[in-house]
Amino acid sequence: MQNDYRQMWSSLGLDLEAHDVLLDVLNKAYQDVFLSQKGRPESMSYFDFVISEVHGLRIKELLDAKKEGRPVIGSFCVFVPEELILAVDGISVGLCTGAEFAFVEAEKLLPRNTCALIKSAFGFKQGKVCPYLESSDMVVGENTCDGKKKSYEVLRDLVPNLYVMDLPQMKSDAGRDLLAAEYRRFLVELEKLSGRTVTVEKLQQAIRTINAKRKAVGRLARYRHANPAPISGLDALLINQVYFYDNPVRFTGSVEKINDELDTRIGSATGVCSADTPRLLVSGCPMAVPNWKVPSVVEKCGAVIVAEESCVGERGTRFLTRETGDSVDALVENIVDRYYQIDCAVFTPNPSRLDHIREMVKDSAADGVIHYNLQFCQPYQIETGGVEVALEEQGIPVLRLDTDYSSEDIGQLSTRVEAFIERILG
Ligand code: SF4
Ligand code: SF4
């Protein structure tokens, strides 16, 4: 099987030696961070399998689907509507942006003070190690933060099939109109690429499929409100990360299986920790695979993460798309309504994000908030100030962590998290 995969990776133009190094690091990290945890739900074995095959079986599935004429669409942001991709029988995949790889090469094209997430997208391309990127028939960039929108001008030379979607920066009538126009333009491109015309039935079915996925992770989020926590924050994050790669129907079924297991656990007051374990909410920048550093530090220090206010978490999945409508146009409007509510820090002003953090703290009975920022991410770093003041005024302790993808600051992060936990325990 490995031999087949090597041929497959080679046919995608991957640098096999560099790719071996990446897989080796990924496997070791997974053993250390995930498989060493105690008391995991048994149904997490599906996700262990998915990660063990993340560059193998799933890529084979994508290539088989491409042979049947289904396009693969890679993207970097939760504003790219999966429903439209599925409506043309396309497959949506999140692109690897969670590891430090070939940063020396990336920094030849980008300033050093670019966030790790953007450098990672470049590093994976320049290092030729991402089979998702190389399998994509279209790579969708989006004009969100300045770092992303300017870097796409450079990425275009490396990724000829890059499509850039413009996005609003303000929640206004004009902003909503822009989003609607961009989604319609995207739909036309998808129809051209796939050779298929979207029908009401197809789009409605796609909306139902993606809503089912969101409902499953929503149910999981609610189970995490229980005390003792029935699942670790790391495992819940992993599920939210796999959300971006897996077959949506299979993913939904696998999450619902875990949900049923958590239901039983809660019934018997079984948790992954004791009921007096400090409960933390993590808020801020998204954590793409395999960015597990901060949650690993937090849970190794003895706290449990009970919610993520993040695009790889509830910010990305909390809203459903209305399923009713008797024309493609009406259904596209429903999609615009749904995505327009996402409160990414690139919007100005962005008051609903603070409201959501407060609501999530209350619902999850969190004892404190870790505001996680990637260094050089101005939107989230600047927004942290107001969030921190508002929550502290309300008596909710906040720890701000600014970090990157390197392992150099793990000791320092652990010291700060330990001190924060002591503060919470009083
Ligand atoms: S944080 Fe903003 S730019 Fe990043 S994935 Fe989320 S919505 Fe997109
Ligand atoms: S983490 Fe911040 S700076 Fe980096 S891509 Fe996302 S919004 Fe932009």
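# Helix α13 and its surroundings

The buried residues of α13 pack against three other helices: α3 (45-52), α11 (200-223) and α12 (233-242). Here, helices (H or I, at least four residues) and strands (E, at least two) are DSSP runs numbered from the N terminus. Packing goes by contacts, meaning C-beta atoms, placed from the backbone, within 7 Å of each other. This is a predicted model, where local features need pLDDT of at least 70 and side-chain atom pairs count only at pLDDT 80 or more, while totals for chains, interfaces and linings use all residues. Residues are numbered from 1 along each chain as its sequence is written, with chains lettered from A and ligands numbered from 1 in the order in which they are written.

**Helix α13 up close**

- α13 runs over residues 248-267, 20 residues in total, and spans 28 Å from first C-alpha to last; that is close to the 28 Å expected (1.5 Å times one less than the number of residues).
- Its buried residues (20 or more other C-beta atoms within 10 Å of their own; exposed means 12 or fewer, partly exposed in between) are Phe251, Thr252, Ser254, Val255, Ile258, Asn259, Leu262 and Arg265.
- They sit on the same side of α13 because they cover an arc of only 165° around the axis, going by the directions from the helix axis to the C-beta atoms.
- An α-helix has 3.6 residues a turn, so residues three or four places apart point the same way.
- Flip to the face turned away from the buried side and you find the exposed residues Val249, Arg250, Thr264 and Gly267.

**Backbone oddities**

- Right after α13 comes Ala269 with a positive phi near 50°, even though Ala269 is not a glycine.
- Ala269 sits in the loop between α13 and β5 (279-284), and counts as exposed because it has 11 C-beta neighbours inside 10 Å.
- Ala365 is another non-glycine with a positive phi, near 50°; look for Ala365 in the loop between α17 and β7 (368-374).
- With 15 C-beta neighbours inside 10 Å, Ala365 counts as partly exposed.
- Asn227 and Pro228 are joined by a cis peptide bond, omega about 5°, and Pro228 belongs to the loop between α11 and α12.
- Thr348 to Pro349 is cis too, with omega near -15°; Pro349 is in the loop between α16 (328-339) and α17 (351-364).

**The two ligand shells**

- Around ligand 1 (C-beta within 6 Å of the molecule) are Cys77, Val78, Phe79, Thr144, Pro286, Cys311, Ile342, Cys344 and Val346.
- That shell splits into eight nonpolar, one polar and no charged residues, where Ala, Val, Leu, Ile, Met, Phe, Trp, Tyr, Cys and Pro count as nonpolar, Asp, Glu, Lys and Arg as charged, and the others, Gly among them, as polar.
- Ligand 2 has neighbours including Cys115, Thr144, Cys145, Lys148, Cys285, Cys377 and Tyr380.
- Its shell has nine nonpolar, two polar and one charged residues, and α7 (116-126), α9 (146-158) and α18 (378-393) each supply at least two of the shell's residues.

**The whole chain**

- The secondary structure adds up to 19 helices and eight strands.
- The C-alpha atoms fill a box of roughly 60 × 50 × 45 Å along the principal axes.
- Of the 426 residues in the chain, 47% are buried.

Note on methods
Two residues are in contact if their C-beta atoms, placed from the backbone, lie within 7 Å.
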